[in-house]
Amino acid sequence: MSKLPGCGHDEADEDALRGKMPVPDDVQEAIRTLLRWAGDDPTREGLRDTPKRVARAWAEYCQGFQEDPAIHLSRTFEEVGGYDEIVVLKDIPFQSHCEHHMAPITGKAAIAYLPKNRVVGISKLARVLHGYARRLQIQERLTAEVAQCIWDHLQPEGVAVVIEAQHGCMTGRGVRTPGVGMVTSRLHGCFLADSRSRKEVMSLMGY
Ligand SMILES: [Zn+2]
């Protein structure tokens, strides 16, 4: 397996991850149509296998449609050793795609909760984020879905989610404003109801 020049693409890695996932002809044809419409020639050598690669890449970008992120919160620990303070996971990198342009959304999230008897392994919070991010999204809904999932399934005293992201549809097209980030937040429970708790959690998350 060879490395394709110029795009950091490693076929061996991709095959290991996605297997030889079959791509239906109509899906490949749709991508050829798009290539043609964009002004290129889908029959030229460099683009010959692109429809298959694009289709497999999209299966991966949208993998979250195949899973229920709540599953990551099903195993909780009730023995928290008397710990009754806020748990924070910061700077969690993620990638998603906007549902309006199918362009990349790249950013980082901070997720915090104040446990009520139950905690989860810290990596599970990132898995919940990725489960919702690997779909076609808007940032506002991604933020709300992550917060709601933790609120419903961990039933903590409070949840806070802050997401900061750049949108490919803004930086690479349209108004072309590289470096502009969008910040969204969603709060539940004590972080919503009590301004002191809110200040505390926001400062722990770095805001
Ligand atoms: Zn967009």
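In this predicted model, strand S1 and strand S3, the latter made of residues 136-137, pair in the parallel sense over two bridges. One of the residues involved is His 97, whose bridge partner in S3 is Leu 136. His 97 also has a counterpart in strand S2, where Pro 104 stands opposite. The pairing of S1 with S2 runs antiparallel and is made by nine bridges. These two strands form a hairpin with five residues between them, and within that turn Met 102 has a positive phi of about 55 degrees.

The hairpin also carries residues that are annotated in a database record. According to the unreviewed UniProt entry, the annotation "binding site" covers Cys 98, His 101 and Cys 169. Although these residues span 72 residues in sequence, no two of their C-alpha atoms are more than 8.0 Å apart, so they gather at one spot.

Where along the chain do Cys 98 and His 101 sit? Cys 98 belongs to strand S1, which covers residues 87-98, whereas His 101 is placed in the loop between S1 and strand S2, the latter covering 104-114. The surroundings of the two residues are set out below.

| Residue | Exposure class | Other C-beta atoms within 10 Å |
|---|---|---|
| Cys 98 | partly exposed | 19 C-beta atoms |
| His 101 | partly exposed | 16 C-beta atoms |

Because a residue counts as buried at 20 or more other C-beta atoms within 10 Å and as exposed at 12 or fewer, Cys 98, with 19, is classed as partly exposed, and His 101, with 16, is likewise partly exposed.

Which residues does Cys 98 contact once its neighbours within four places in sequence are left aside? The contacts of Cys 98 are Ala 103, Ile 105, Gln 137, Ile 138, His 167 and Cys 169. Among these, Cys 169 is itself covered by the "binding site" annotation in the UniProt record, while Ile 105 lies in the range of S2, 104-114, and Gln 137 in the range of S3, residues 136-137.

For the protein chain taken as a whole, the secondary structure comprises eight helices and five strands, which follow one another along the sequence in the pattern α-α-α-β-β-α-β-α-β-α-β-α-α. Of the 207 residues in the chain, 25% count as buried. When contacts with a separation of 6 or more are considered, 70% of them are accounted for by residues that are 24 or more positions apart.

How values were computed
Residues are numbered from 1 along each chain as its sequence is written. This is a predicted model: local features need pLDDT of at least 70, side-chain atom pairs count only at pLDDT 80 or more; totals for chains, interfaces and linings use all residues. UniProt positions are given in the numbering used here, feature names are shortened, and annotations may be inferred rather than shown by experiment. Helices (H or I, at least four residues) and strands (E, at least two) are DSSP runs, numbered from the N terminus. Two residues are in contact if their C-beta atoms, placed from the backbone, lie within 7 Å. Two strands pair if DSSP finds at least two bridges between them.
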